[in-house]
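The following dialogue shows a newcomer how to read the features of a protein model. A learner asks and a teacher replies.

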Amino acid sequence: LLQTHKMIKIIQSDKFIIFLLISFLLLTNNYYGEYNINTSANSGFYYLHIANSFPVGMTLENSSQAYIHGERFFVPYIVGFVSNLLDINSFYIFQAFTYFIISILVIINYKIINKVIPQKHYNLLFFSLFLLNPYILRYSLSNPLMLNDLVFTLSISLLFLSFLNKKNILFYTSLFLAIISRQTSILIILTLIFSLILPYKNEIINLKKIFFALLLWITNYFISQQYLEISNITTFYESQFFGLLDFFQKDFEILKFLKFLFLPFLSFGPLFVAIIFLFFKRKIFLRINETNIFFIILLILFAAQPFLCGPVVAGKNIIRLSTLGYTSIIFVLCLNLKNLSDLSKKTFVIFSILLPFWSFHPTFSNIKIFEILKQFLNY
């Protein structure tokens, strides 16, 4: 009886359930190789070329796409360095880094949610919203060349943890990772500046941190410009900033626009349902503090960036780009919940069933139940 009791406790433990969920992801995921890069990860072509070109610059055609990815050269350049040092195919180094960062991301996100929601099993439910999202871990496992996106996602989690623990080392590390991985990091700096001038007491953000962020961003900018110059890449991408305006002026189609607006739902669906459900159940109580204000502003900017690019420029990438802020929504939601203990078991069971099914992306998983939806959306 004692052994049986111990076994039941192990099976019911969060860590065991997380192990099962991760095993489920690994077993049901699709994996794309070096020579069959998935169309949802075309940026991987540029990152792989940067890594394979180490220690010199790119030898690609001078284009705006080469310019965009050349500005993000640092992460794949490190991959190229390790590949040359160990004499191992750079694609395998991308895979190794991907698995390593996924492991760190899982640990950190569980730590955040467990800290904010200490109630047993409820924390696991919200953690599953992250773990089973089809455009984070599934996407990265399928497309290890998209390491920059994964590093940026990790930086956002570290940033939130730095707000929770009030640790500067986490704050500076998160900024460094964000800046070297994506130009989207400028939105973090803008949010820092805006948060500082708001009329409420802020114990986390100060001028010193903003100065550090600006200095780091400027340093990275000039280094990336040197890399682009070596690569003879000069074609900038300013036209992409006005994609939505061009769409309304030249190519507007109401159906195409509505389809564009719907696409993020493929990533955010269960999270939106959870927010609506908890709101009507009066379980959400928004508190005015520096963490909430900062991340709400940041989320608005994250959502605005791909939206302003429009259906022609951003296209289906609006899902991937908007998902960069997905974990922040979960964290902010968890931070503003109350009285979860009286939620019905039925609710818990429904979400526990919904989330694994939602993760069956027609491209990134080997379970094809959403193939009909894929054909409908031509995605």
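**Reading the model, feature by feature**

A: Let us begin with a charge and a ring: the charged end of Lys-209 sits over the ring of Phe-171, 4.8 Å from its centre. Please keep in mind throughout that this is a predicted model.

Q: How many helices and how many strands does the chain have?

A: The chain has 20 helices and zero strands.

Q: What radius of gyration would a compact globule of 379 residues have, and what does the chain have?

A: The general idea is to set the value of the chain beside the value expected from its length. For 379 residues, a compact globule would have a radius of gyration near 21 Å, and the chain agrees, because its own value is 21 Å. Along the principal axes, the C-alpha atoms fill a box of roughly 70 × 50 × 50 Å.

Q: What share of the residues is buried?

A: A residue counts as buried when its relative accessible area is under 20%. Buried residues make up 52% of the 379 residues in the chain. Leu-266, found in helix H15 (residues 265-280), illustrates the reasoning: this residue counts as buried because its relative accessibility is 11%. One may also compare sequence and space here, since the C-alpha atoms of Leu-266 and Asn-148 are separated by 22 Å, with their positions 118 residues apart along the chain.

Q: How many salt bridges does the structure hold, and which residues are linked in a network?

A: A salt bridge is read from two things: the atoms that meet, and the places in the chain that the two residues come from. The structure holds two salt bridges. In one of them, Arg-182 pairs with Asp-149, and the closest N and O atoms are 2.9 Å apart. Arg-182 lies in the loop between helix H10 (168-181) and H11, while Asp-149 belongs to helix H9 (residues 147-165), so this pair ties together parts that are 33 residues apart in sequence. Arg-182 and Asp-149 are both buried.

Asp-149 also forms a salt bridge with Arg-320, where the closest N and O atoms are 2.6 Å apart. Arg-320 lies in helix H17 (residues 317-322) and Asp-149 in helix H9, so the parts tied together are 171 residues apart in sequence. Arg-320 is buried, as is Asp-149. Asp-149, Arg-182 and Arg-320 are thus linked in a network of salt bridges.

Q: How many aromatic pairs are there, and how is one of them arranged?

A: A pair of aromatic rings is described by the distance of the centres and the angle of the planes. The count comes to 31 aromatic pairs. Take Tyr-135 and Phe-364: their ring centres are 5.8 Å apart and their planes stand at 90°, so the pair is edge-to-face. This pair links distant parts of the chain, 229 residues apart: Tyr-135 is in the loop between helix H7 (122-131) and helix H8 (137-142), and Phe-364 is in the loop between helix H19 (345-358) and helix H20 (371-377). Tyr-135 is buried, with a relative accessible area of 7%, and Phe-364 counts as buried at 0%.

A further edge-to-face pair is formed by Phe-357 and Phe-360, with centres 5.8 Å apart and planes at 85°. Here Phe-357 counts as partly exposed at 43% relative accessibility, whereas Phe-360 counts as buried at 8%.

Q: Which residues do ring pairs link into a cluster?

A: The cluster consists of Phe-54, Phe-73, Phe-74, Tyr-77, Phe-81, Phe-176 and Tyr-227.

Q: Which residues make the nonpolar surface patch, and which helix gives the most to it?

A: One reads a patch by its members, its area and the elements that supply it. Leu-190, Ile-193, Leu-214, Ile-218, Tyr-221 and Phe-222 make a nonpolar patch of about 510 Å². Helix H11 (185-197) and helix H12 (207-230) each supply at least two of its residues, and H12 gives the most, with four. Ile-193, found in helix H11, is partly exposed, with a relative accessible area of 35%.

Q: Which peptide bond is cis, and where does phi take a positive value?

A: Most residues other than glycine have a negative phi, and most peptide bonds are trans. The peptide bond from Phe-54 to Pro-55 is cis, with omega near 10°; Pro-55 is found in the loop between helix H3 (43-53) and helix H4 (64-70). Asp-87 has a positive phi, near 55°, and is placed in the loop between helix H5 (74-86) and helix H6 (90-116). Arg-282 has a positive phi near 60° and lies in the loop between H15 and helix H16 (290-313). Asp-87 counts as exposed at 72% relative accessibility, and Arg-282 counts as exposed at 70%.

Terms used
Residues numbered from 1 in each chain as written. Predicted model: local features only at pLDDT ≥ 70, side-chain atom pairs only at ≥ 80, totals over all residues. Heavy atoms only, no water. Patch = residues over 30% accessible without salt bridge, like charges linked within 9 Å, V, L, I, M, F, W, Y side chains within 5 Å. Areas by Shrake-Rupley, 256 points an atom, 1.4 Å probe, with all protein chains shown as cover. Salt bridge = Lys/Arg side-chain N within 4 Å of Asp/Glu carboxyl O. Buried < 20%, exposed > 50% of the residue type's maximum accessible area, 1.4 Å probe, protein only. Phe/Tyr/Trp six-rings, centres within 6.5 Å; stacked < 30°, edge-to-face > 60°. Lys NZ or Arg CZ within 6 Å of the ring centre and 35° of its normal. Rg over C-alpha atoms; globule rule 2.2 N^0.38 Å.
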